[in-house]
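This report describes one protein model for a reader who has not met it before. Please keep the sequence and the 3D view at hand while reading.

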Amino acid sequence: MKIASVGEVIGNHKVLEVKPLPHLQGHYIRLEHVSTGARHIHIACPDDNNCFNVAFPTVPQDSTGVAHILEHIVLAGSERYPVRDPFFSMIPRSLATFINALTAPDHTQYPFSTRNEKDFYNLLEVYLDACFFPRIDYEAYRQEAWRYEFSEMENPDSSLKYGGVVFNEMKGQTATPQYLMHKAVGKAIFPDLTYSKDSGGDPRFIPDLSWEGLKAFHARHYHPSNAFFFTYGNLPLEKTLGQLERLALSRFEKIDPMTRIPDQPRFGQPGVYEAAYPLSPSEPPEKKSQALVAWLGPFVGDSFQMLAFKVLERVLLANAASPLRKALLESRLGEALADGTGYHDHFRQSVFAAGLRGINTEDAGKVEDLIFGVLKGLSEKGVDKVMVEAAIHRLEIESREVSNAGWPYPLKVFFQIAGPYLNGGDPYQTLQFDADLSRLRAELEAGPFFENLIRERFLENTHRARIVLKPDQTLTERLEAEERAKLDKIRSGLSEEQVRQIIAEAKALKARQEAREDKSVLPTLALSDVPMTLEDVSHQSERMSGAAVGFFPQPTNGLSYLDIQFDVSGMEDRLKDLLPLFAFVAPRMGAGQSDYLQMASRIEALTGGVNAGVGLRVSPEDVGRFSQGFTLSGKALYRNHRAFFDILKDLSTKLYFDKAHLKNLLGQFRAQFDSRVIAMGHLFARNLAAAQLGGANTLRERWEGLSQLATLKRLVALDEAGVDRLLGDLEAVRDHLFRNTNLSICVTAEDSALGELQGYVAELLSALPAAAAASANAELPSVRLFPQARTTAVPVAYDGKAFSTVAYQHPDAPVLLVLANLLREEFLHKEIREKGGAYGGFALFEPEIGLFSMLSYRDPNITRTFQIFDRAARYVLDAEITAETLKEAILRSCGQVDPLLAPEAKGRTRFFNDLAGYTLEKRLQFKQKLLQVTLADLKRVAEDYLSKPAALAVISNEEKVKQANSEMGGVFQIAAI
């Protein structure tokens, strides 16, 4: 790979800096576009998962959501690609490992990554044209942002309402305490800056955004002079820069976009900020508030200060032994750390915050006093040096680990450098962990570094605020009433001509949405571009003391990974509902000679984390047969192998439960689970529907769905005798699981470390006790199709319809996967998102459980959406589906069955796939069968499976559910969450 030289001009970009990146086996190259001043950072390395990103500082001065709405609309048609939705149209034309756009508080970014070179340049063309030459047409603005429409499109006597994808998306988003706390931090700490505005958009103000204002915002912000490019991977830089110049940059001259964000003027005294979040009327408001203390921190471009704060964050908050976390959670003032707790580097000046959720509002001052008491004590008595070393150790692991968990690794690199890159700092220095660590160690040697940091940045820092987030049981209803009153007033003032215009515009938008388009202008891959192989991960499998053990040599950069799966089958059925809780508390309890605080310290100092989880795997031949497993997982640096295995041995052989700590953990887990419902409502709706189908679906819902939340709410309310019984039940779970029968162990590390690890595995196996007697597995419920509705304080809906189909090995399974992608891209996206205004409409087929589902996300509709679901089979039977459309659905499916995996995940995935029967040969056969799917196959399976009785579920507010129930003949059984 040819490396650029400083001063060289490539594709009208001047090379300003070239520096080595040994940990990536590559180089950091910083450039600037000669004509426009556009910045560019390229990470040249051997990784074939090539990434592109362009970020624009966007600094809205109001809460109309202009930056967020623009993100949607630039991807809705451009100069070279004048189709209705090139972004969503490219998804099935690509093998992208990531494709999206993201709006942050002060910038908007457009990233994608792919392992296919042709795909990379196809997506590059579409993204460049979208960002720099979008159409921003009026109909796209009305569809994505907001619009007036009548409930019955051509009936002016029906009620006037708002429509729009972003409008409905943000209705759902602003119903979540997490988002409202994030907004509150911006308002409280940066009242004079763009951060005090809602870049996503407040539904109350989104209708204040005009089409003209949107276009003006683009002209100023989406200019190369305001662009920060990022590329990563092994493709030639010369070709990429040449494409940037040819396709976009050559058409611009340098301007000053005036998007620089100043420093927030510092507060002379601390502030107090209060906000409300919606709470369901069925939930008691006591102990439902949050209190957060937030401080202004250092500039995000100072990599040393950032490292120091990240170390301090871990010392104070990372685990049960961390002094601030311990004091907060053991105070019994609340049940979990407040939303927003931690160190935040997504503002130009960072923010550190800490607090509690689940408190009484009047206790907010006590929370603040408690926090300051802990910090004052640390500044005077000293910060534990052992805890500092443990925190540094964990950050060292993070700096070494190449993982695609959560985000593709190239994007993680961008996120790491984004703060200094976009705000005038030194991005390269941010990648130099060792250099900043050396400086930190020197500071620690010189004196009380963290003690001084706490005193200066916290105790003496008047630029802080106490933020209180309070529950409001009438907020959702009140906001809806205010919106209704506003619309009624607007309706009363409309002239006949304005009424006719609303109807005409609604017809025009509908015509646009229904118009057939020629998408051939968009670039695409051919099926011949799909690699028809799957990586055959090298490994050694053997039996050790009766356990199935797999050793996988992978380039893990000095880290070893261990996964121990215990057999759940035979456990008493009533205990199985406790498995998610057991998985949460087991790594957080005491074991051996260590109490829970000592164990937390050991895990922090000597491992990269120990976690647990519960799951099931359905047989590839029969959806009625499935295995149930509990997995204990961890990772560690090679130098800590002995200590790592000692910890795992203690947890699996000498785990014990502390009653007081269990109560704390139970509250934390309930709060954590509760916060997922609105954020992932469509998946909870899917599980609620699928549970009606029986078998593995029922058990999955008990572990992952609203049934588990109900279990946790019941456990939190236990009296002392009840908690004692719970302790006994958790001990019974422990005694059933941690035995040496039906064990499976996966070890992933570099080849040189596997020999040593083999000895440790043998030692661990010999320490486990013999199996206890198992009880008979309970019969899981059979199919019982009773449509379910659950109500909570959310102004939108999450709708789900689910069908039980066939196992992975069945000939129809690949066809069903293609069918799901076809319906999602060609039917549901148009009907539910574009026409219906929901943020998302999905069809999903999960071939490893045999479940086909149709879902909506942040949807203003219930009845209409279920009517759309009912039309899905008819659409496939009647639509003129072209060969190109079929090819795209197949292409999308091929990408789904061969996902991007990091080295540490390759061993784990292969090992547990093989054990469950999903062998390399079967998975390759499945992928090959995708290429053989025909239109006749799609029509046949649509008629055979989507016409069967299905399970229905919805999550929304009580008023919407009751209205839908009356419209749909009272089908839903309604209960509050």
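In what order do the strands of the open sheet of 6 strands that includes β18 stand? The order is β18-β19-β25-β20-β23-β22, and the pairing is mixed. The edges are taken by β18 (540-544) and β22 (610-618), each with a single partner strand, so one side of each has no neighbour in the sheet. On average, neighbouring strands here are turned by 20° against each other, direction ignored.

The model is predicted: local features need pLDDT of at least 70, side-chain atom pairs count only at pLDDT 80 or more, and totals for chains, interfaces and linings use all residues. Residues are numbered from 1 along each chain as its sequence is written, and side-chain values use heavy atoms, with hydrogens and water left out. Helices (H or I, at least four residues) and strands (E, at least two) are DSSP runs, numbered from the N terminus. Two strands pair if DSSP finds at least two bridges between them. Contact means heavy atoms within 4.5 Å. A residue is buried under 20% relative accessible area, exposed over 50%, and partly exposed in between (1.4 Å probe, protein chains only). Angles run from 0 to 180 degrees between N-to-C directions, along axes that are lines fitted to C-alpha atoms, for helices over the stretch in contact.

**The whole protein**

The protein has 37 helices and 31 strands. For 977 residues, a compact globule would have a radius of gyration near 30 Å, and the protein agrees with this at 28 Å. That radius is taken over C-alpha atoms, and the globule rule is 2.2 Å times the number of residues to the power 0.38. The C-alpha trace spans about 80 × 65 × 60 Å along its principal axes. Of the 977 residues, 60% count as buried. Among contacts with a separation of 6 or more, 80% come from residues 24 or more positions apart.

**Strand β25 and its sheet**

Strand β25 (residues 744-749) is joined to β19 (residues 547-553) by 6 bridges, and the two run parallel. Ala548 has Ser744 in β25 as its bridge partner. With β20 (residues 559-567), β25 pairs in the antiparallel sense over 5 bridges; there, Tyr561 is the bridge partner of Thr748. Strands of a sheet pair through backbone hydrogen bonds, either parallel or antiparallel.

Because 6 of the 6 residues of β25 are buried, the strand is largely enclosed by the rest of the structure. Ser744, Cys746 and Thr748 point one way from β25, while Ile745, Val747 and Ala749 point the other way.

At the edge of this sheet, Gln540 lies in strand β18 and is partly exposed, with a relative accessible area of 43%. Beyond its neighbours within four places in sequence, Gln540 is in contact with Val549, Gly550, Phe551 and Gln758. Gln540 and Arg466 are 74 residues apart in sequence and 56 Å apart in space, C-alpha to C-alpha.

**Another open sheet**

An open sheet of 6 strands, again with mixed pairing, has the order β28-β29-β27-β30-β26-β31. Its edge strands are β28 (840-846) and β31 (973-976); each has a single partner strand, so one side of each is left without a neighbour in the sheet. The average turn between neighbouring strands of this sheet is 15°, direction ignored. Strand β26 (residues 788-791) is joined to β31 by 4 bridges, and the two run parallel. Thr791 stands opposite Ala976 in β31.

Helices that touch the strands of the two sheets are listed below.

| Helix | Strands touched | Angle |
|---|---|---|
| α26 (residues 696-704) | β22, β23 | about 160° to β22 |
| α31 (residues 863-870) | β27, β29, β30 | about 25° to β27 |
| α37 (residues 958-967) | β26, β30, β31 | about 145° to β30 |

**Cores**

A nonpolar core is a set of buried Ala, Val, Leu, Ile, Met, Phe, Trp, Tyr and Cys residues joined through side-chain atoms within 4.5 Å. The largest has 143 residues, and those with the most contacts inside it are Phe582, Phe630, Leu737, Leu819 and Phe852. Helix α30 (residues 812-835) gives the largest share of this core, 12 residues. A second, separate core of 71 residues includes Ile29, Val66, Phe133 and Phe167.
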